[in-house]
Amino acid sequence: MDRRAESLNLKRGMGMADARAMQPGIDVVDADTEADLRMLEALADWCDRYTPLVALDGVDGLFLDISGCSHLFGGEEALLSEMLRRFNEQGFDARAAIAGTAGTAWAVARSQGRAIVTDGDEADWLAPLPLAALRLDTEVCAALEAVGLRTVGAVMAVPRAPVTRRFGKALLLRLDQALGRIDEALSPRMPVPELSAERRLAEPVTDVEEVERVILPLAGSLKEALERLGAGALTLHLLLFRVDGGVIRLSLGLSRPTRDPERIGKLFHERLAALGESLDMGYGFDLIRLSALSLGPLVPKQTGLADDGDDNEANLALFIDRVGARFGRGVICKPIPVASHLPERAVALFPTAEAPDLTPQEIVRALQADRPLRLLRRPEPVEVMAEVPEGPPVRFRWRRAHYRITRSEGPERIEPEWWLTSDGKAKDYFCAEDSDGRRYWLYREGLYGNAGAAPRWFLHGVFA
């Protein structure tokens with residue numbers, strides 16, 4: 001309901017026929033709940049300028065935990081005034097209240113419109129409000145009103161035990177939460193960063209280069225905090241708040257912890273360059289925030305007097321991160337051994353920044369496996385000639401070319417994992433070397449003598 005609808009005496013939940021009887025010229029449009037939710041989430045993103053602890057409240061409200069944040073805006077009154085003014089400039093009729101509990105803030109905001117409730121005065125503010133202010137179900141409110149309990153103060157005045165037995169525990173739970181007797185946890189919609197640095201700009205910036213110039217001092221501020229913790233950032237978030245209420249989020253996952261402002265600046269340069277013209281700046285950004293979402297240990301490295309400063313690992317990590325920032329984190333992957341004896345399942349590719357570290361035992365075990373350097377994405381069928389049916393191949397034809405085998409090893413029988421599948425066939429693998437010294441990994445699928453089709457041959461990989 002907006003003010004114009006209220007002036008026409010229309011009510012929320014009114015039937016279509018009743019509304020048309022009162023206002024024959026009313027235009028009815030189907031509600032788009034998904035679009036409403038996207039709008040509410042966009043407003044929640046915008047409210048990150050006040051606090052990172054923002055939670056959705058149903059389909060039309062937001063909870064903001066501003067503990068320790070109000071002084072950044074000149075106090076609670078100044079914060080409330082600025083927030084409502086900005087909402088109004090964006091075309092929203094918003095109502096807000098600040099209180100020591102989420103329940104009281106919710107009730108006062110929806111009944112009074114704008115207020116600041118001091119600690120200890122929650123009961124005085126709640127007492128004259130209707131029962132709906134406690135966020136109770138409609139059935140519970142109707143049952144309470146039927147026995148003459150129509151306000152929150154009336155419920156507070158009656159003994160608790162009879163009320164609990166008759167109306168359930170939810171009533172007193174909501175009341176105690178609103179009064180601060182029981183804590184009510186809010187679930188932020190976004191992870192809370194470990195560290196943040198932000199800059200509020202007197203004049204909005206409308207150029208990518210200006211944004212990059214702001215990132216460097218913000219990264220410098222993070223560096224000081226990270227040095228005190230002996231850590232580096234593993235995941236970075238850049239939030240760009242537009243004047244018109246839009247918010248742009250840019251994330252970076254790093255392959256190794258860092259706190260170097262120059263490196264962070266280069267990575268976000270690549271990230272912004274990848275966006276190109278798709279970066280919608282609107283009327284400019286008036287607030288830029290750089291956050292470290294996750295941290296990793298970063299121990300200072302001891303160097304010798306003759307150290308030339310060339311760190312190959314650091315250069316490789318910078319290259320991986322820059323490519324990931326420009327083209328996506330999944331472009332460069334790292335093979336990780338998996339507990340499976342099937343060749344196609346024995347290795348999984350992980351983005352380098354997300355790949356787990358291998359223990360020395362796992363590295364040795366992976367190197368000891370007699371497997372080809374290159375596995376084909378899918379085994380390719382080949383025509384094979386063998387001296388005896390069960391024997392190794394002596395010739396095979398692959399991709400219209402003929403190969404003569406001079407040496408071979410095998411077979412190594414690999415059968416499907418019975419706990420995963422029951423219809424697979426056994427495979428006999430052979431390592432075959434041709435007359436030119438090239439080595440191939442061939443396998444025969446199926447067994448001779450079984451009912452059904454004859455075994456088939458495939459090429460699965462090529463050795464170095």
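Student: Which residue follows α10, and what is the sign of its phi?
Tutor: Gly180 follows α10. Its phi is positive, near 85 degrees. Keep in mind that this is a predicted model.

Student: Okay. And which residues of α10 are buried?
Tutor: Helix α10 covers residues 169-179. Its buried residues are Leu171, Leu172, Leu175, Asp176, Gln177, Ala178 and Leu179.

Student: What covers those buried residues?
Tutor: Other helices take part. The cover includes α5 (102-112), α6 (122-126), α7 (138-146), α8 (152-157) and α9 (160-167).

Student: Switching topic. How many residues are in the largest nonpolar core?
Tutor: The largest nonpolar core has 32 residues. Those with the most contacts inside it are Val211, Leu236, Leu238, Phe268, Phe285, Ile288 and Leu290.

Student: Which elements give two or more residues to that core?
Tutor: Strands and helices both do. They are β5 (195-205), α11 (208-229), β6 (231-242), β7 (247-258), α12 (261-275), β8 (285-297) and α13.

Student: Which one gives the most?
Tutor: That is α11, with 8 residues.

Student: Let's zoom in on Leu238. What is it in contact with, leaving aside neighbours within four places in sequence?
Tutor: Leu238 touches Ile215, Ile248, Arg249, Leu250, Phe268, Ile288, Arg289 and Leu290.

Student: And what lies apart from the largest core?
Tutor: Another core, of 23 residues. Leu131, Leu134, Cys141 and Leu144 are among them.

Student: Why would nonpolar side chains be found together like that?
Tutor: In soluble globular proteins, nonpolar side chains tend to be buried together.

Student: You named Cys141. Is Cys141 buried or exposed?
Tutor: Cys141 counts as buried, because its relative accessibility is 10% and the cut-off is under 20%.

Student: What about Cys333?
Tutor: Cys333 is partly exposed. Its relative accessible area is 34%.

Student: How many disulfides are there?
Tutor: The count comes to 0 disulfides.

Student: Last topic: holes. How many cavities of 30 Å³ or more turn up?
Tutor: A search of the whole structure finds 1 cavity of that kind. The largest cavity has a volume of about 80 Å³.

Student: Which residues line the largest cavity?
Tutor: Gly253, Ile320, Asp321, Val323, Gly324, Gly328, Arg329, Val331, Ile332, Thr352 and Ala353.

Student: Where does the largest share of that lining come from?
Tutor: Helix α13, residues 312-327, gives 4 residues to the lining. This helix also gives two or more residues to the largest nonpolar core.

Student: How does the lining divide by residue type?
Tutor: There are 5 nonpolar, 4 polar and 2 charged residues.

Technical notes
Residues numbered from 1 in each chain as written. Predicted model: local features only at pLDDT ≥ 70, side-chain atom pairs only at ≥ 80, totals over all residues. Heavy atoms only, no water. 1 Å grid on protein atoms, 1.4 Å probe; cavity = no way out; pocket = protein on both sides within 12 Å on 5 of 7 lines; lining within 4 Å. Points joined across faces, edges and corners; volume = space filled by probe spheres on them. Nonpolar A, V, L, I, M, F, W, Y, C, P; charged D, E, K, R; others polar. Disulfide = S-S within 2.5 Å. Buried < 20%, exposed > 50% of the residue type's maximum accessible area, 1.4 Å probe, protein only. Core = buried A, V, L, I, M, F, W, Y, C linked by side-chain atoms within 4.5 Å. Contact = heavy atoms within 4.5 Å.
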